[in-house]
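Visitor: I would like a close look at a single part of this protein. Could you walk me through one sheet, strand by strand?

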Amino acid sequence: MAGHSKWANIKHKKARMDAARGKLWSKCARAIIVAAKNGGGDPDANLTLRYAIEEAKAANMPKDTIQRAVEKGAGTGDGAADYEAVRYEGYGPGGVAVMVDVLTDNRNRTAPEMRTIFSKVGGNLGATGCVGYNFEQKGVLSIEEPNASEERLMDLAIEAGAEDVALEDGAWTVTTGYADFIAVKEAIDAAGIETLSAEITMVPNNTQILEGADVAKAIRLIDALEDHDDVQKVYTNMDASAEDLEAATA
């Protein structure tokens, strides 16, 4: 978890400087459409939709755009595209595990494109399940250290159902089970504590330490995958020193 936290915190700080907001909103809208199509348009009864809406709000997506996506998926708006959820798994530089969640309307187009992205940095796409066994679905909230004291955050988070609160590299990481994520997030929000990020993600049970050039190559792979229109989330078990991570993301 520690390595995941270190990389995740740097990734989210980097994401704040990204100019590709339109692409991010498009990915959020696609996730909302699929969630509403599969489980209905009521976020109180559809937890997957609730989480998709929360991520869209975190990306500052306008409320009316979110609502249109919900209506489109639920079948009450203009026709929804027929997206399919696919998970690709493989290995990046240094043998690091990489897992990619995709929503695509053409699997035959997306699969070879994923394979090409992996191969360009010396990685390879693997069989389903080749790395997935090493990940667990969790809620993860990151909070910059000055925004909350340990005692206050521990009391709030654990009482609301969090599994763990840890400090690393100037940021608190609050980990929750899938079903407890909203309750913990709402408790932290209600206390007026600002979060750096809050998401449902796949957390590795074991990490792979990379150094030097392999760190930069792995981040190039992750960036290329995240830039693909069909890709929703990219997960990795990469760990590296703060210095190597900072140098690779500078």
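Guide: Happy to; what follows is a tour of the sheet, with its middle strands taken in turn. This is a predicted model, in which local features need pLDDT of at least 70, side-chain atom pairs count only at pLDDT 80 or more, and totals for chains, interfaces and linings use all residues. Residues are numbered from 1 along each chain as its sequence is written, and side-chain values use heavy atoms, with hydrogens and water left out.

The sheet is open and has four strands, in the order β3-β1-β2-β9, with antiparallel pairing. At its edges lie β3 (124-125) and β9 (231-236), each of which pairs on one side only. Strands here are DSSP runs of E with at least two residues, numbered from the N terminus, and two of them pair if DSSP finds at least two bridges between them. As a reminder, strands of a sheet pair through backbone hydrogen bonds, either parallel or antiparallel.

Let us start with β1, residues 84-91. On one side, β1 meets β3 in the antiparallel sense over two bridges, and Tyr91 is found opposite Asn124 of β3. Eight bridges join β1 to β2, again antiparallel; Glu84, for instance, has Thr104 in β2 as its bridge partner. The hairpin of β1 and β2 has five residues between the strands, and there Gly94 adopts a positive phi near 70 degrees.

Next comes β2, which covers residues 97-104 and is joined to β9 by five bridges, the two strands running antiparallel. Along this pairing, Val102 faces Val231 in β9, while the bridge partner of Val100 in β9 is Val234.

How many residues of β2 are buried? Eight of the eight are, so β2 is largely enclosed by the rest of the structure. Buried here means under 20% relative accessible area, with exposed over 50% and partly exposed in between (1.4 Å probe, protein chains only). In a regular strand the side chains alternate between the two faces of the sheet. Both faces of β2 are covered: Ala97, Met99, Asp101 and Leu103 are buried on one side, and Val98, Val100, Val102 and Thr104 are buried on the other.

So, looking back at β2, you can follow it from its eight bridges with β1 to its five bridges with β9, with buried residues on both faces.
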